[in-house]
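Here is a friendly set of notes for your first look at this structure. Please keep the model open beside them as you read.

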Amino acid sequence: MKSLWTRSEVIAATQGKAEGADWTARGVSIDSRTLESGDLFVAIKGEHSDGHAYVAKAFERGAAAAIVSDVTDAMREAGPLVVVPDALEALNQLGRAARRRAGAKVVAVTGSVGKTGTKEALRMLLSEQGPTHASAASYNNLWGVPLSLARMPADTRYGIFEIGMNHSGEITPLSKLVEPFIALITTVEAVHMAYFDSVEEIADAKAEIFDGLQKGGVAILNRDNPHFARLEARAKKAGAGRIISFGEHKAADARLEKVALKEDCSCVSAIICGQPVTYKLGVPGRHIVMNSLAMLACISALEADLAMAALALAHLEAPKGRGERIRVDAPGRPFMLIDESYNANPVSMRAAIDALGRTEPGHRARRIAVMGDMLELGPNSIALHREMAQPLAQAEIDLVFACGPHMRELFKALPADRQGFYAETSAGLMTPLAEAIQEGDVVMVKGSNGSRMKPVVEMLLALGDDDSESIRRNRGEA
């Protein structure tokens with residue numbers, strides 16, 4: 001693997017002081033547990049841990065060098081250092097330097113839902129058309145964005161960066177760091193309402209993504225969202241040279257014409273910036289269809305190959321924990337698991353329930369929803385949980401297993417024949433759920449991170465017969 005950073009480049013970017021031998025780095029890391037040999041380790045001080053405590057471990061794992069602010073003799077003995085006043089600010093400076101040296105066209109993605117899936121899809125689509133770099137996982141915060149930038153190779157043609165927030169003022173500095181040519185907002189919904197007084201305030205916070213937009217750059221906005229005009233005005237004020245809208249609205253530039261929603265895919269006909277396009281989506285769900293319009297609008301704005309991108313959408317796969325479908329060959333009772341455990345809010349929960357409702361269980365099998373609390377919803381949280389009873393009924397979900405104090409209210413609102421089991425925590429669901437699953441069932445697991453639904457997914461996967469390689473991801477069903 002070629003060099004990503006030399007010592008002289010890092011010193012020039014951070015204005016730090018070099019100590020020890022010369023070096024080159026193949027990557028950048030802030031976590032000694034996942035650091036790879038040849039990485040530059042940045043010792044960030046976080047809320048719960050200080051990276052300086054892991055400098056020695058980073059060198060044991062093969063770090064090329066470490067950026068530190070609190071240097072000790074033990075660190076000097078462990079390996080080469082770059083000493084700076086503030087390691088996080090040094091990471092920001094490294095990100096800025098990476099952004100300056102790359103001639104890439106950069107896309108920044110935000111939105112109440114669909115950020116990571118859209119970012120990952122753009123990574124896949126653009127990787128077929130040139131050197132592409134994108135944020136890893138959901139690295140969308142004050143350390144994830146500069147880390148993702150710092151990892152961008154100089155020869156990158158397309159860069160895609162996810163930017164998230166749960167408070168106002170968080171996106172502006174990150175957008176200014178990324179300096180996108182395209183700023184894409186998937187949608188604005190009542191998410192993180194514990195920190196906002198209105199959805200309009202959320203729209204304004206999402207619109208901060210335009211604060212770093214290149215002059216004359218492109219804003220891609222959801223034309224069906226009630227806050228479209230508000231976002232459009234903010235984009236124009238920030239100097240956007242072009243606004244591309246997407247949705248079903250007759251005035252949308254990337255407009256949905258027809259869609260066939262199927263169990264494991266969708267077939268779409270659309271007009272993308274004046275060009276008719278027909279394509280298959282490898283991931284099911286209407287929400288994915290709508291986001292695919294934004295993806296293709298982005299491809300068009302980048303002047304990349306639209307036809308090639310539309311064909312590639314057939315191979316789209318859901319990111320881990322965001323709709324991934326896994327066949328679990330549990331002895332005597334194989335079933336389908338839909339892993340939606342990464343996070344949840346009312347919009348994504350409704351979308352996941354709808355997708356579950358479009359699945360076809362085996363003969364005499366059931367559709368089972370396993371639901372944990374949706375967090376950060378503010379004073380209307382109880383009502384928002386109860387409202388999930390309607391989409392569950394519409395999707396003809398057979399059984400619901402629920403956990404958390406707010407999901408208790410939903411569980412009580414369900415008909416008795418659809419009440420699977422309720423527990424205070426996700427751990428309390430595991431045994432009843434494992435005992436209830438029958439051959440051919442389709443089981444969807446979803447909840448906010450704080451609800452700890454991932455262990456439920458891990459328990460369900462463990463029901464499979466490992467000796468027969470029974471747990472596998474199905475391409476085209478994700």
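## Notes for a first reading

1. A good place to start is a strand pair: Ile-272 stands opposite Gln-275 in S16. This is a predicted model, so please read every point below with that in mind. Strand S15 (residues 266-272) and strand S16 (residues 275-281) run antiparallel and are joined by seven bridges. Two residues lie between the strands in this hairpin, and Cys-273 takes a positive phi near 50° there.

2. Now step back to the sheet that holds this hairpin. Nine strands form an open sheet with mixed pairing, and their order is S9-S10-S8-S11-S12-S13-S14-S15-S16. Strand S9 (132-134) and S16 are at the edges with a single partner strand each, so one side of each has no neighbour in the sheet. On average, and ignoring direction, neighbouring strands of this sheet are turned by 15° against each other.

3. At the S9 end, three bridges join S9 to strand S10 (residues 158-162), and the two run parallel. Ala-134 has Ile-160 in S10 as its bridge partner. Helix H5 (residues 115-127) lies across strand S8 (105-110), S9, S10 and strand S11 (182-185), and H5 runs at about 170° to S10.

4. There is another open sheet to find, this one of five strands. The order is S2-S7-S6-S5-S4, and the pairing is mixed. Which strands stand at the edges? They are strand S2 (17-19) and strand S4 (27-29), each with a single partner strand, so one side of each is left without a neighbour in the sheet. From one strand to the next, the twist averages 25°.

5. Strand S5 is worth a slower look. Three bridges join S4 to S5, and these strands run parallel; here Ser-29 stands opposite Phe-41 in S5. S5 (residues 39-42) also runs parallel to strand S6 (residues 65-68), again with three bridges. In S6, Ala-65 is the bridge partner of Leu-40, while Ile-67 is the bridge partner of Val-42. Which way do the side chains of S5 point? Asp-39 and Phe-41 point one way and Leu-40 and Val-42 the other way, and all are buried.

6. Helix H4 (residues 87-101) lies across S4, S5 and S6 and runs at about 140° to S5. H4 also meets helix H1 (residues 7-14): their axes come within 8 Å and cross at roughly 110°. H1 and H4 are therefore roughly perpendicular to each other. From H1, the contact uses Glu-9, Val-10, Ala-13 and Thr-14, and from H4 it uses Ala-90, Gln-93, Leu-94, Ala-97 and Arg-101. Sorted by class, the contact of H1 with H4 has five nonpolar, two polar and two charged residues.

7. Thr-172 makes a nice single-residue stop, and its place is in helix H7 (residues 171-178). Is Thr-172 buried or exposed? With a relative accessible area of 18%, Thr-172 is buried, because the cut-off for buried is under 20%. Leaving aside neighbours within four places in sequence, Thr-172 is in contact with Glu-208 and Asp-211. With Asp-211 there is a polar contact between the two side chains, at 2.6 Å.

8. Further along the chain, helix H15 (residues 405-413) has Met-407, Glu-409, Leu-410 and Phe-411 buried. These buried residues pack against helix H12 (346-357), strand S19 (367-372), helix H13 (381-386), helix H14 (389-394), strand S20 (399-403) and strand S21 (419-423).

9. Please finish with Met-453, in the loop between strand S22 (442-446) and helix H17 (454-462). Met-453 counts as buried, at 1% relative accessibility. Apart from neighbours within four places in sequence, the contacts of Met-453 include Val-370, Met-371 and Gly-372, as well as Ser-341 and Cys-403. Gln-394 is 59 residues from Met-453 in sequence and 24 Å away in space, C-alpha to C-alpha.

10. The helix that follows this loop, H17, has Pro-455, Val-456, Val-457, Met-459 and Leu-460 as its buried residues. Their cover includes strand S17 (324-328), strand S18 (335-340), S19, helix H16 (430-436) and S22.

Notes: Residues numbered from 1 in each chain as written. Predicted model: local features only at pLDDT ≥ 70, side-chain atom pairs only at ≥ 80, totals over all residues. Heavy atoms only, no water. Helix = DSSP H or I, 4+ residues; strand = E, 2+ residues; numbered from the N terminus. Buried < 20%, exposed > 50% of the residue type's maximum accessible area, 1.4 Å probe, protein only. Polar contact = N/O pair within 3.5 Å; in protein donor to acceptor, adjacent residues only side chain to side chain. Contact = heavy atoms within 4.5 Å. Pairing = 2+ DSSP bridges. Axes fitted to C-alpha atoms, helices over the stretch in contact; angles between N-to-C directions. Parallel < 35°, antiparallel > 145°, perpendicular 65-115°, else oblique. Nonpolar A, V, L, I, M, F, W, Y, C, P; charged D, E, K, R; others polar.
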